[in-house]
Amino acid sequence: MKTLVFIETDNGAAVASSWEALGAGLTLGGEVAALVIGAGVADVAAEAGARGAGKVYSIDDASRALFDLDFYAADVKAVLSQSGADAFLASHTGNGRDLAAAVGFDLSAGVIADCLALSADGGKLKGVRPIYSGSILADATASGPVQIATIRPRAASPAPNIGGSAEVAAVTPTAGASPVVVENVERAETGEISLTDASIIVSGGRGVAKDPELGFKLIGELADTLGAAVGASRAAVDAGFIPYKHQVGQTGKVVRPDLYIACGISGAVQHLAGMGSSKVIVAINKDSESPIFSVANYGIVGDLFEVVPALTAAAKAKL
Ligand SMILES: Cc1cc2nc3c(=O)[nH]c(=O)nc-3n(C[C@H](O)[C@H](O)[C@H](O)COP(=O)(O)OP(=O)(O)OC[C@H]3O[C@@H](n4cnc5c(N)ncnc54)[C@H](O)[C@@H]3O)c2cc1C
């Protein structure tokens, strides 16, 4: 199998989850090339080689400074044909999923979107992806001249920088005018720290049930004090204590923060699938037999309604 991995850039820097897509590509075996598109992206192209891509195709042009679906899709199709790749991978970011869908449509190729895991068997790409709001995990394959897949951010390990180097082929951007002119990109300021980017996450589970509003208020105060994002277990989301966008786990977001504080969460395997690779896990649970303690680096046996405010007060005093 010959795989081409899209390395998305933003302001001349690689979007971090693109290295995870490259990491997923490298686990498939066969030849793996990277495609970097952007403006002022020579360092990103060199880094793709350092992280193990066998060859790097680089479209480094002012006209590609902002993501434009028509231009980018035309570029990808041109490089797929030039490289002879029969698989195309991108991170499941907003731009990555748009691009995969557009390329798949143009080539009449199936797209395996939002994969949690990827493998290859005899040249056939297989993706594991959640369906029915994540209630079922499906094994999916794609038909068509090119097999296309997107990988959910944080689901795969980033390709490590092994100090390698690869030939960088400068590719001329495809000519033609795009029907859409992207003039500027403005970022929405939600004031919230994104779960997938956060280096600290404080999460709440069904353990807040006796007073969910107060429970998540206390969790939010600890998160604010630590500059952390707020996460939740599916039980807390299903009970309506907090919206789905906070859900961590197999059918929520996959996170890898430096510190994950689980408050009133039992540690079900589906929750661990989303946060088990956190660097340091702290568990607060009133049941000393709770399975979360088997993965926690630090455990506090106690009532979260007492422990969480005490931690907040201690953190405030310290910070
Ligand atoms: C297909 C599928 C996908 C799923 N996907 C996900 C997913 O993405 N994410 C996810 O989280 N789950 C997921 N689940 C659900 C998962 O199996 C568990 O049901 C869920 O994680 C349990 O959430 P919880 O730990 O908050 O609740 P519980 O298991 O009920 O645990 C609550 C914990 O709180 C403790 N507690 C209670 N009161 C207090 C208190 N006052 N102070 C401190 N501790 C207290 C209890 O001792 C207990 O350990 C999925 C399940 C399926 C079948």
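Three exercises with worked solutions follow, all on a predicted model.

**Exercise 1.** Classify the packing of helix α3 against helix α4 and describe their contact.

Solution.
- Helix α3 spans residues 69–83 and helix α4 spans residues 94–107; they pack at an angle of about 60 degrees, with their axes 9 Å apart.
- Angles of 65 to 115 degrees count as roughly perpendicular and those under 35 degrees as roughly parallel. That makes α3 oblique to α4.
- The crossing of α3 past α4 is right-handed.
- On the α3 side the contact consists of Leu69, Tyr72, Ala73, Val76 and Lys77; on the α4 side, of Asp98, Leu99, Ala102, Val103, Asp106 and Leu107.
- Sorted by class, this contact has 8 nonpolar, no polar and 3 charged residues.

**Exercise 2.** Work out the strand order of the sheet that contains β8, β9 and β10, and name its edge strands.

Solution.
- The sheet is open and has 3 strands, in the order β8-β9-β10, with antiparallel pairing.
- β8 (117–121) and β10 (136–141) each pair on one side only, and these are the edge strands.
- On average, neighbouring strands are turned by 25 degrees against each other, direction ignored.
- Between β8 and β9 (residues 124–131) there are 5 bridges.
- Ser119 lies opposite Lys126 in β9.

**Exercise 3.** Describe the shell of residues around the ligand by members, elements and class.

Solution.
- The ligand is surrounded by 30 residues, the closest being Gly205, Gly207, Arg234, Ala235 and Gly249.
- At least two shell residues come from each of α6 (234–238), α7 (269–275), β16 (280–285) and α8 (304–318).
- By class, the shell divides into 8 nonpolar, 17 polar and 5 charged residues.

Methods
Residues numbered from 1 in each chain as written. Predicted model: local features only at pLDDT ≥ 70, side-chain atom pairs only at ≥ 80, totals over all residues. Near = placed C-beta within 6 Å. Helix = DSSP H or I, 4+ residues; strand = E, 2+ residues; numbered from the N terminus. Nonpolar A, V, L, I, M, F, W, Y, C, P; charged D, E, K, R; others polar. Axes fitted to C-alpha atoms, helices over the stretch in contact; angles between N-to-C directions. Parallel < 35°, antiparallel > 145°, perpendicular 65-115°, else oblique. Left-handed = near helix turned anticlockwise from the far one by under 90°. Contact = placed C-beta atoms within 7 Å. Pairing = 2+ DSSP bridges.
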